[in-house]
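Visitor: I am new to reading protein models, and I would like a close look at a single part. Could you take me slowly through the salt bridges and what lies around them?

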Amino acid sequence: MAASTAQSIPILRFRANDSKSLVSLPGSCLRVMASDKASSARAIACSLRSDIPWLGAGVKLSGGGVPVVKRVVIRSATIEEIEAEKSAIEKDVKAKMEKTIETLRTSFNSIRTGRANVAMLDKIEVEYYGSPVSLKSIAQISTPDGTSLLLQPYDKSSLKAIEKAIVNSDLGVTPNNDGDVIRLSLPPLTSERRKELTKVVAKQSEDGKVALRNIRRDALKSYDKLEKEKKLSEDNVKDLSSDLQKLIDTYMKKVEELSKQKEKELLKV
């Protein structure tokens, strides 16, 4: 610390606790220079006035008007903390992409093909005592043969509600309610109906791809945020973005495979 006369300009010199050099400059400007690779040069401007007892964080005027600088601690995120944040983002991205694929697979299973499949009823919900519930939660479903489904409700009072839900669905079949069970006979798909269902598959595939792109967009925003907080370098973000693109390409391929498989089932005579 250099004392000053009434005519001189005070000069501030000090060093931070984390080995970042703080270079002294005369006048009313204090420049903080960070020497480590993770940080770039920063400047903090302050006006040294003798009639103010405190000059921001860490700067105090003594009784004679001479600035006295307290020790400044500059804390950066540790490598462990940065890796933990990166890992959390990657884990979240994979979980959401897996969920997208599962949702798409469930949607495809609910589209009827040439053979009876209990998964065709997965998306049907029934109004049961004032609340919507899944059909398979209130009835036992089986496939007596390749062209029919048999529904046996656990509560016979729900038969009417189940019948109504099937009629209002896009399944395209008429339920046969005999008072004990409901039978669904699946007529052969016409060529026109197959083409319609193929369009449904294409639309659901595109929805799945959009969902994957949105997941990637949110992850990139998270990486950008870490870069702005100086926790990641520009090169780090580029590498992570490249890895993210490889991951989404993998899941896009899964969407294409599921789509082609479903279209093949629909077109199979």
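Guide: A salt bridge is counted here when a side-chain nitrogen of Lys or Arg lies within 4 Å of a carboxyl oxygen of Asp or Glu. Side chains of opposite charge can pair when their charged atoms come close. The model in front of you is a predicted one, and by this rule the count of salt bridges in it comes to 17.

Let us begin in helix H1, which covers residues 79–109. There the side chains of glutamate 102 and arginine 105 meet in a salt bridge, with 2.5 Å from N to O. These two residues both lie in H1 and are three residues apart, about one turn of the helix. Glutamate 102 counts as partly exposed because its relative accessibility is 41%, and arginine 105, at 31% relative accessibility, is partly exposed as well.

Another salt bridge joins lysine 136 to aspartate 122, with 3.7 Å from N to O. Lysine 136 sits in the loop between strand E8 (131–134) and strand E9 (139–145), while aspartate 122 belongs to the loop between H1 and strand E7 (125–128), so this pair ties together parts that are 14 residues apart in sequence. With a relative accessibility of 48%, lysine 136 counts as partly exposed, and so does aspartate 122, at 25%.

Now turn to helix H3, where the side chains of arginine 193 and glutamate 196 meet in a salt bridge, with 3.2 Å from N to O. Both residues lie in H3, three residues apart, which is about one turn of the helix. Arginine 193 is partly exposed, with a relative accessible area of 25%, and glutamate 196 is partly exposed too, with 36%. Elsewhere, salt bridges that share partners join Glu85, Lys225, Glu229 and Lys231 into one network.

Helix H3 also holds glutamine 204, which is buried because its relative accessible area of 16% falls under the cut-off of 20%. If we leave aside the neighbours within four places in sequence, glutamine 204 is in contact with Leu104, Ser107, Phe108, Ile111 and Lys123.

Finally, consider how H3 (residues 191–228) packs with helix H4 (residues 234–267): the angle is about 170°, and the axes are 10 Å apart. That angle makes H3 roughly antiparallel to H4, because angles over 145 degrees count as roughly antiparallel. The residues of this contact divide into 15 nonpolar, five polar and 11 charged.

Technical notes. Residues numbered from 1 in each chain as written. Predicted model: local features only at pLDDT ≥ 70, side-chain atom pairs only at ≥ 80, totals over all residues. Heavy atoms only, no water. Axes fitted to C-alpha atoms, helices over the stretch in contact; angles between N-to-C directions. Helix = DSSP H or I, 4+ residues; strand = E, 2+ residues; numbered from the N terminus. Parallel < 35°, antiparallel > 145°, perpendicular 65-115°, else oblique. Nonpolar A, V, L, I, M, F, W, Y, C, P; charged D, E, K, R; others polar. Buried < 20%, exposed > 50% of the residue type's maximum accessible area, 1.4 Å probe, protein only. Contact = heavy atoms within 4.5 Å.
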